Amino acid sequence: MAGAWGVRGWLRIVPFNDPRDSILIGQPGWWLRGRGICRLLEIEQARVHGDEIVAKVGGLDDRDSAEALKGCEVLVSRAAFPGAAPGEVYWIDLIGCSVRNPAGELLGVVASVEEFGADPVLRLDLPGEATDGKSARLIPLVPAYVLEVDLPGRRIVADWQADYWEGT
């Protein structure tokens with residue numbers, strides 16, 4: 001949430017994608033999370049405004065109330081997402097998938113998908129292994145390395161070797 005828009009309690013949101021393609025438009029409710037807040041907002045109206053989204057929330061009627069929510073995350077239920085196009089996946093659906101190489105060796109379980117610039121990266125944890133944040137197991141999420149994604153089976157096949165991380 002980027003802050004207030006106007007003086008009547010409208011919110012200003014900067015989406016991660018093109019606002020014209022944002023799932024936020026048309027949703028009757030958004031979750032707001034941050035700074036001790038976790039609540040469902042009733043969206044009365046939402047529309048694209050330049051490269052942002054502005055929205056009127058039920059019960060929020062002044063600029064100060066809207067501005068107090070600045071910095072909170074705006075979320076929608078996963079059930080509200082449209083189906084992914086063929087050959088595409090939502091990153092959130094990859095979390096928890098086991099990752100093996102073509103030889104069947106377990107490389108880890110997807111803990112998160114992160115954006116570092118050129119391409120997204122799978123961050124893996126090994127089951128039962130404590131992670132210290134310094135010895136991350138990362139695999140680029142690109143077709144050259146990610147050979148297969150089986151969401152119903154909760155598995156990913158990656159052209160990667162376990163010893164690529166040795167010494168890290």
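Select Cys-72 and display its sulfur atom in this predicted model. The closest cysteine sulfur belongs to Cys-38 and lies 9.8 Å away, which is too far for a bond. A disulfide would require the two sulfur atoms to be within 2.5 Å. Cys-72 is buried, with a relative accessible area of 2%. Next, select Cys-38, whose closest cysteine sulfur is in turn that of Cys-72. Cys-38 is exposed, its relative accessible area being 58%. A search of the whole structure accordingly returns zero disulfides.

**The six-stranded sheet**

Colour the strands of the open sheet in the order E1-E2-E5-E4-E3-E6; there are six, and the pairing is antiparallel. Strand E1 (3–5) and strand E6 (73–75) are the edge strands, each pairing on one side only. On average, neighbouring strands of this sheet are turned by 45° against each other, direction ignored. Strands of a sheet pair through backbone hydrogen bonds.

For a view of one pairing, select strand E2 (residues 10–13) together with strand E5 (residues 52–57). These two strands run antiparallel and are joined by three bridges. Within this pairing, select Arg-12 and look across to Val-54, its bridge partner in E5.

**Strands E7 to E10**

Move on to strand E7 (residues 98–100) and strand E8 (residues 106–115), an antiparallel pair held by three bridges. Val-99 stands opposite Gly-108 in E8. The hairpin of E7 and E8 has five residues between the strands, and in this hairpin Gly-104 takes a positive phi near 95°.

Continue from E8 to E9. Six bridges join this antiparallel pair, and Val-109 stands opposite Asp-125 in E9. Here the hairpin has four residues between the strands, with Gly-117 taking a positive phi near 135°.

Now add strand E10 (residues 137–140) to the selection. Strand E9 (residues 120–125) runs antiparallel to E10, and four bridges join them. Leu-124 has Arg-137 as its bridge partner in E10. Which side chains of E10 point to one face and are buried? They are Arg-137 and Ile-139, whereas Leu-138 and Pro-140 point to the other face and are not buried. In a regular strand the side chains alternate between the two faces of the sheet.

**The two largest pockets**

Turn to the largest pocket, which holds about 1,200 Å³ of space. To find its centre, select Phe-16, Asn-17, Ile-23, Phe-81 and Tyr-90, the closest to that point of the 29 lining residues. Which strand gives the most to the lining of the largest pocket? It is E6, with three residues. The lining of the largest pocket comprises 21 nonpolar, four polar and four charged residues.

The tour ends at the second largest pocket, with about 190 Å³ of space. Select Gly-87, Glu-88, Val-89, Trp-91 and Leu-94, then add Leu-141, Val-142, Pro-143, Val-146 and Val-149 to complete its lining. By class, the residues lining the second largest pocket are eight nonpolar, one polar and one charged.

How values were computed. Residues numbered from 1 in each chain as written. Predicted model: local features only at pLDDT ≥ 70, side-chain atom pairs only at ≥ 80, totals over all residues. Heavy atoms only, no water. Pairing = 2+ DSSP bridges. Axes fitted to C-alpha atoms, helices over the stretch in contact; angles between N-to-C directions. Buried < 20%, exposed > 50% of the residue type's maximum accessible area, 1.4 Å probe, protein only. 1 Å grid on protein atoms, 1.4 Å probe; cavity = no way out; pocket = protein on both sides within 12 Å on 5 of 7 lines; lining within 4 Å. Points joined across faces, edges and corners; volume = space filled by probe spheres on them. Nonpolar A, V, L, I, M, F, W, Y, C, P; charged D, E, K, R; others polar.
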